[in-house]
Amino acid sequence: MTLASATVQSGRHGPPGGPRGKGSGQIDRNAGTWFLVLPALIPILVLSVGPLLYGIALAFTDAQSGRTRSTQWVGVLNFQDLLHDGLFWESFRIGLVWAVGVTVPQFVLALGLALLLNQNLRMRWLARALAIIPWAMPEVVVGIMWRLVYNPDAGILNETIRDLGLGDGRDWLTGLATALPAVILVGVWAGMPQTTVALLAGLQNTPHELHEAAALDGAGAWRRFRTVTWPALKPVALSITALNFIWNFNSFALVYVLTNGGPGGRTRLPMLFAYEEAFRYGQFGYAAAMGCVMVAVISVILAVYLAGRLRGGEDR
């Protein structure tokens, strides 16, 4: 072989291991990335994705409690029964009222509190610490505490009403007209701190120079909020509102401790209804079908909500 042909051969095929070495390096980097991700991915697959897929499969069976009973595949029979189950759809309506009734006041009050805590106040650190106390309390403890507040005989609420001469008070958690509003009030109080923290973080990321420039232009407090604060805060507000709606709709422990779904099912949220079907009546397949319907409907509602808000933001 001549020197010229050897040069041509070398140029055509490249140095030994050149491209292959580059590809091998890419593979090594990908393997290293997966090695770092696996410790976080495995618990998600085992504790979240696995049970979700199992629950979806369970919804198409007649699974019930009892060791000796065999499980049969029933197709969409559970979903057909759900379409005619008025109690489930009533609980779904109550769940939507609860979720909206908690999420909206929660956001409005948290926004006001975040704006206040963002000011240069004395003892601001103490006010911020006190504001997140309800967030640090377990839902069961919150439920027990508020049951004492609503106690018809010795609760602080009825005692205050009597001291002010406004009446003899009432049994808030067992009244058909007052049970759901009373529980919604507790939900707002318990969930407001996490919304406040998220909004406060968004406010602190807003550049102060923009506020100073708007103030120099003669903009008042409301105009500065509308033109400077809210545009910067909107992505955080959109995210936390969507998450709050999901969390509130899926609430269980708080309402379970306060009313256990009563009186007369007035506070029976969908999660409580599914819990009763599964663990009180042993209808696991039917309860799994309820869970699938709740996930599907809430996903559609959230998709429409987020698409509308994002489209509105692009138009402006």
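This passage describes the fold, nonpolar cores and pockets of a predicted model.

The protein chain contains 14 helices and zero strands. In sequence order its pattern is accordingly written α-α-α-α-α-α-α-α-α-α-α-α-α-α. Of its 316 residues, 34% count as buried. The chain exposes about 19,300 Å², and carbon and sulfur atoms supply 66% of this area. When contacts between residues at least 6 apart in sequence are considered, 66% of them join residues at least 24 apart.

The interior was examined next in terms of its nonpolar cores. The largest nonpolar core comprises 42 residues. Within this core, the residues that touch the most other members are Leu82, Phe88, Trp98, Tyr150, Val186, Leu258 and Met290. Two or more residues of the core are contributed by each of helix H4 (86–117), helix H7 (139–149), H9, H11, helix H12 (253–258), H13 and H14. Among these elements, H14 gives the most, with nine residues. With residues up to four places away in sequence left out, Tyr150 touches Leu157, Trp172, Leu173, Ala182, Leu185 and Val186. Another core lies apart from the largest one and has 14 residues, including Leu111, Leu199, Phe225 and Ala237.

Gly202 offers a view of the packing around helix H9, which spans residues 179–204 and contains this glycine. The relative accessible area of Gly202 is 6%, which is under the 20% limit, and the residue is therefore classed as buried. Beyond its neighbours within four places in sequence, Gly202 is in contact with Leu233 and Val236. The C-alpha atom of Gly202 is separated by 9.4 Å from that of Ala114, although the two residues are 88 residues apart along the chain.

Open space in the model was then considered. The largest pocket encloses about 700 Å³. Its lining consists of 26 residues, and those nearest the pocket centre are Gly55, Ala287, Ala288, Gly291 and Cys292. At least two lining residues are supplied by each of helix H2 (18–58), helix H11 (221–249), helix H13 (270–280) and helix H14 (284–315). The largest share comes from H2, which provides nine residues. By class, 22 residues of this lining are nonpolar and four are polar, while no charged residues occur in it. H11, H13 and H14 are thus named both for the lining of this pocket and for the largest nonpolar core.

The second largest pocket has a volume of about 360 Å³. It is lined by 13 residues, of which Leu115, Asn118, Gln119, His211 and Thr229 lie nearest its centre. Helix H10 (208–216) and H11 are the elements that give two or more residues to this lining. H11 makes the greatest contribution, with four residues. The composition by class is four nonpolar, seven polar and two charged residues. Charged residues are thus present in the lining of the second largest pocket, whereas the lining of the largest pocket has none. H11 contributes at least two residues to the lining of the largest pocket and four to that of the second largest pocket.

Note on methods:
Residues are numbered from 1 along each chain as its sequence is written. This is a predicted model: local features need pLDDT of at least 70, side-chain atom pairs count only at pLDDT 80 or more; totals for chains, interfaces and linings use all residues. Side-chain values use heavy atoms; hydrogens and water are left out. On a 1 Å grid over the protein atoms alone, a cavity is a set of points where a 1.4 Å probe fits but cannot get out, and a pocket is an open set with protein on both sides within 12 Å along at least five of seven lines; lining residues have an atom within 4 Å of a point. Grid points are joined across faces, edges and corners, and a volume is the space filled by probe spheres set on the points. Ala, Val, Leu, Ile, Met, Phe, Trp, Tyr, Cys and Pro count as nonpolar, Asp, Glu, Lys and Arg as charged, and the others, Gly among them, as polar. Buried means under 20% relative accessible area, exposed over 50%, partly exposed in between (1.4 Å probe, protein chains only). Contact means heavy atoms within 4.5 Å. A nonpolar core is a set of buried Ala, Val, Leu, Ile, Met, Phe, Trp, Tyr and Cys residues joined through side-chain atoms within 4.5 Å. Accessible areas come from the Shrake-Rupley method with a 1.4 Å probe; for residues, only the protein chains shown count as cover.
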